[in-house]
Amino acid sequence: MAVKTRWWISAWFILSAPVVLWDAGYCFMRPRSMKGGDLHWIWRPYELYQVVYGLPGLEQNNGFTNAQSFMNVVETILNLVYIYLAHGVQSPSAPVVGLSAVVMTLAKTVLYWLNDYYCGFCNIGHNDVFTLITLWIIPNGIWLVIPSIITWVLGNDIAEQLNIASKVATGKATKTQKTK
C-alpha cells in the first residue's frame, strides 16, 4: 500500500522544527537567553515572551518549562523521522510515527495550558486581556488547532489502512482496495 502524504502536514512538520528548536534553546539557556543575558541577542523577540509569560517559574526553579522543552526536541525528531519515512523511503509506518509525534505535540500543549490553569494562572495571570489573547492564547492556540487536525487526518489514514488490511486478510477486499 502506498504511503498517503499531504503537503500541509509535511510542511507543518518541517516548518515547526526550527521554531520548536529555537524555543527549546531559549528555555534551556535561561537566564543567559533572557533580557540582560549574554546570549539574549539570539532570542531578542523573546523579550515579549519574558514579559507575557513571566518569571515565576524560573525564579522558583520550576523544571516544567525545560521538561516540556525536552519533549519538544523529542517530538521534533519524530516529526523529521516522519518526513524521512513518508518522503524518503515511503514506509507504511510513516503515519504511525507522524501520529505519535503530533499526539505528543497536542498532549504537551494541553498540559502546558492546564499547568497554568491549575496553578491559578501563576505564569500568565498578570497580563491584561488584550496581551493575553494576542501574545499567548492565539500563538499557543495554533499548537492546539493544527496538531488536532493532523491527529484526526493521520488517525483516519491509519484506520483506513487497517480496514483494508483486515479485508485483504479475510479475503473480503475489492480489487480497488487491494491496490491502494
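A residue is called buried here when its relative accessible area is under 20%, exposed when that value is over 50%, and partly exposed in between. Keep those cut-offs in mind while touring this predicted model, in which the mean pLDDT is 90 and 94% of the residues score at least 70.

Begin by colouring the chain by confidence: helix H1 has the highest mean, at 96, whereas helix H7, residues 175–179, has the lowest, at 58.

**Helix H1**

Select residues 7–28, the 22 residues of helix H1, and place a distance between the first and last C-alpha atoms; the helix reaches 31 Å, close to the 32 Å expected at 1.5 Å a residue. Looking along H1, stop at Ser-16, where the helix bends by about 30 degrees, and then move on to Pro-18, a proline that follows within four residues. Next, highlight the buried residues of H1, among them Ile-9, Trp-12, Phe-13, Ser-16, Val-20, Asp-23 and Tyr-26. To see what lies over the buried residues of H1, show helices H2 (46–53), H4 (64–88), H5 (94–118) and H6 (129–170), which are included in the cover.

**The annotated spans**

The unreviewed UniProt entry carries the annotation "transmembrane region" for residues 6–29, 94–113 and 133–154, and these can be selected as three separate groups. In the model, residues 94–113 are 100% helix and 0% strand, with end C-alpha atoms 29 Å apart. For residues 133–154 the end C-alpha atoms lie 30 Å apart, and this span too is 100% helix with 0% strand.

**Aromatic pairs**

Now show the side chains of Phe, Tyr and Trp, since a search of the whole structure finds 10 aromatic pairs. Start with Phe-13 and Tyr-82, whose ring centres are 5.1 Å apart and whose planes stand at 80 degrees, so the pair is edge-to-face. This pair joins distant parts of the chain, with Phe-13 in helix H1 and Tyr-82 in helix H4, 69 residues apart. Are these two rings buried or exposed? Phe-13 is buried, at a relative accessible area of 1%, and Tyr-82 is likewise buried, at 1%, which in both cases is under the 20% cut-off.

Turn next to Trp-113 and Trp-136, where the ring centres lie 4.8 Å apart and the planes are at 50 degrees, so the pair is tilted. Here too the pair links distant parts of the chain, from Trp-113 in helix H5 to Trp-136 in helix H6, 23 residues apart. Trp-113 counts as partly exposed, because its relative accessibility is 24%, whereas Trp-136 is buried, with a relative accessible area of 5%.

With Trp-136 still displayed, add Thr-131, which is found in helix H6 and is buried at 17% relative accessible area. Leaving aside residues up to four places away in sequence, Thr-131 touches Val-52 and Trp-136.

For a group beyond a single pair, select Trp-22, Tyr-26, Trp-43 and Tyr-46, which ring pairs link into a cluster; of these, Tyr-26 already appeared among the buried residues of H1.

**Last stop: Phe-70**

Finish at Phe-70 in helix H4, which counts as exposed because its relative accessibility is 51%. Draw a distance from its C-alpha atom to that of Phe-28, and the viewer should give 8.7 Å for two residues that are 42 residues apart along the chain.

Terms used: Residues are numbered from 1 along each chain as its sequence is written. Side-chain values use heavy atoms; hydrogens and water are left out. Helices (H or I, at least four residues) and strands (E, at least two) are DSSP runs, numbered from the N terminus. The expected span of a helix is 1.5 Å times one less than its number of residues. The bend at a residue is the angle between axes fitted to the seven residues ending there and the seven starting there. Buried means under 20% relative accessible area, exposed over 50%, partly exposed in between (1.4 Å probe, protein chains only). Contact means heavy atoms within 4.5 Å. UniProt positions are given in the numbering used here, feature names are shortened, and annotations may be inferred rather than shown by experiment. Rings of Phe, Tyr and Trp (its six-membered ring) pair if their centres lie within 6.5 Å; planes under 30 degrees apart count as stacked, over 60 as edge-to-face and the rest as tilted. pLDDT is the predictor's confidence in each residue, from 0 to 100.
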